[in-house]
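Trainee: Before I rely on the words used for this model, I would like to go through them one at a time. Could we set each value against its cut-off and then draw the conclusion?

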Amino acid sequence: MANVAVIGAQWGDEGKGKIVDWLAERADMVVRFQGGHNAGHTLVVGDKTYKLSLLPSGIVRGTPSVIGNGVVLDPWALRDEIARLGEQGVKATPETLRIADNCALILPFHRDLDALREDASGAGKIGTTRRGIGPAYEDKVGRRAIRVCDLAHLDDLGPQLDRLTAHHDALRAGFGEPPIDRERLLAELREIAGFVLPFAKPVWRDLNEARAAGQRILFEGAQGVLLDIDHGTYPFVTSSNTIAGQAAGGSGIGPGGVGFVLGIAKAYTTRVGSGPFPTELEDATGERLGTRGREFGTVTGRKRRCGWFDAVLVRQSAAVSGITGIALTKLDVLDGFEEVKICTGYRLRGEVLDYFPSHAADQTEVEPIYETIEGWSESTAGARSWADLPAQAIKYIRRVEELIRCPVALVSTSPEREDTILVRDPFAD
């Protein structure tokens, strides 16, 4: 049986939470492998809605869940999220949740720096969630990070704190902020260590043992390929690699263990925050998509920008991530449109492009080339088989497949767990 990696094929917010939850019923383990609590996954189970940021979606089902080494972990945010889920009857224990002991921590001064930079950037704002994700990744790459395993050795933290404070105190001084209070930081770390350490494990070992035993592992990505630090719309990106290849490096299982790559894409396109968006609709149609799709960020509450499906971008995402199949979500949002459009290419200063250029100025200047398809008046909401779909909706899906050069494996027709059409079973490959 194959393992499955689930990633966003657009700018995030594609509905990964529902799909991961749907697949988690047959998984033996669910793994988060990048990002932090800037992610937002919403799960609707019956009359309950669960909003997750850091915890893998499998936790709601009680599936053993792992936070891999590719994640940056805010331990206080983790404690708050576990407490919120506990109030909804979902318990996270060391038996159901494991955290990589080599995971880098997000610390209070990371959040401070994130906000200070955004406030000082003016028109150059990236649109971060101000949760310290980027600064924490910078410290990890700069070999200054405090990691989960360090919480068991706080008395030996002096040299690492020297490196951290030498870097951050200079930055803070530039913003007119006082230096890091080392004693307060150590006190905060001692206070949270007792909560985090029972979850800390060498999860690479657990994952490889699970693979050797033939267990099914589900890798859960955050954000989307178009926010990848290398392959996204730089600099308006996140601070980690969001492509499927990171599932291996961010968990410690090796590339051969990733298996089927399921890319999640909405039947239209959305984006939160700043950055280029070729098919954005700043008109009544865009408002209609946003209203019908309830397009507000799970983490930030920010209104999402909306536009037609961009096949160029999703085709590019599929190529750089090796996507095996697409899960097309929110098809029901397109119900009732007399016509729908798909972006099939771009014009840039008179030249036709079949890819999205790398430079930010070119990305802003491209004009979408649209293909118009007849819409459908019938409802697709709640459909669970091809027979439940209008002919024109099926025609739309087939055209999307052709343009992105990737088959559709699943179609989601509502936030409800069971309102899903299975075309190709990822776990069977």
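Trainee: What volume does the largest cavity have?

Mentor: Bearing in mind that this is a predicted model, the largest cavity has a volume of about 30 Å³, and the structure holds one cavity of 30 Å³ or more.

Trainee: What makes it a cavity, and which residues line the largest cavity?

Mentor: The term cavity is used because a 1.4 Å probe fits at its points but cannot get out. The largest cavity is lined by Phe 109, Asp 112, Leu 113, Leu 116, His 168 and Arg 172. Helix H3 (108-120) and helix H5 (158-174) are the elements that give two or more residues to this lining, and H3 supplies the largest share, four residues. By class, the lining has three nonpolar, one polar and two charged residues.

Trainee: Why is the pair of Tyr 346 and Phe 356 called tilted?

Mentor: A search of the whole structure finds five aromatic pairs. In the pair of Tyr 346 and Phe 356, the distance is 5.5 Å centre to centre and the angle between the planes is 55 degrees. Rings pair if their centres lie within 6.5 Å, and planes under 30 degrees apart count as stacked while those over 60 count as edge-to-face; 55 degrees falls in neither class, so the pair is tilted.

Trainee: What parts does this pair tie together?

Mentor: Tyr 346 lies in strand E16 (residues 339-348), and Phe 356 lies in the loop between strand E17 (351-353) and helix H11 (360-365), so the pair ties together parts that are 10 residues apart in sequence. Both Tyr 346 and Phe 356 are buried, a word that stands for under 20% relative accessible area.

Trainee: How do you know that the charged end of Arg 398 sits over the ring of Trp 386?

Mentor: The charged end of Arg 398 is 4.8 Å from the centre of the Trp 386 ring, and the cut-off for such a contact is within 6 Å of the ring centre, together with a position within 35 degrees of the ring normal. Arg 288 likewise lies over the face of Phe 337, at 3.9 Å from the ring centre.

Trainee: Why is Arg 294 called exposed, and Lys 330 partly exposed?

Mentor: Exposed means over 50% relative accessible area, so Arg 294, at 70%, counts as exposed. Lys 330 has a relative accessible area of 23%, and because partly exposed covers the range between under 20% and over 50%, Lys 330 is partly exposed. Arg 294 has a phi near 50 degrees, a positive value in a residue other than glycine, and Lys 330 has a phi near 60 degrees, also positive in a residue other than glycine. Arg 294 lies in the loop between helix H9 (284-292) and strand E13 (305-307), whereas Lys 330 is in the loop between strand E15 (325-329) and E16.

Trainee: How do you know that strand E3 and strand E4 pair?

Mentor: Two strands pair if there are at least two bridges between them, and five bridges join E3 (residues 41-45) to E4 (residues 48-52), so the condition is met. The two strands run antiparallel, and the bridge partner of Val 44 is Thr 49 in E4. They form a hairpin with two residues between them, and Gly 46 in the turn has a positive phi of about 60 degrees.

Note on methods. Residues are numbered from 1 along each chain as its sequence is written. This is a predicted model: local features need pLDDT of at least 70, side-chain atom pairs count only at pLDDT 80 or more; totals for chains, interfaces and linings use all residues. Side-chain values use heavy atoms; hydrogens and water are left out. Rings of Phe, Tyr and Trp (its six-membered ring) pair if their centres lie within 6.5 Å; planes under 30 degrees apart count as stacked, over 60 as edge-to-face and the rest as tilted. Buried means under 20% relative accessible area, exposed over 50%, partly exposed in between (1.4 Å probe, protein chains only). On a 1 Å grid over the protein atoms alone, a cavity is a set of points where a 1.4 Å probe fits but cannot get out, and a pocket is an open set with protein on both sides within 12 Å along at least five of seven lines; lining residues have an atom within 4 Å of a point. Grid points are joined across faces, edges and corners, and a volume is the space filled by probe spheres set on the points. Ala, Val, Leu, Ile, Met, Phe, Trp, Tyr, Cys and Pro count as nonpolar, Asp, Glu, Lys and Arg as charged, and the others, Gly among them, as polar.
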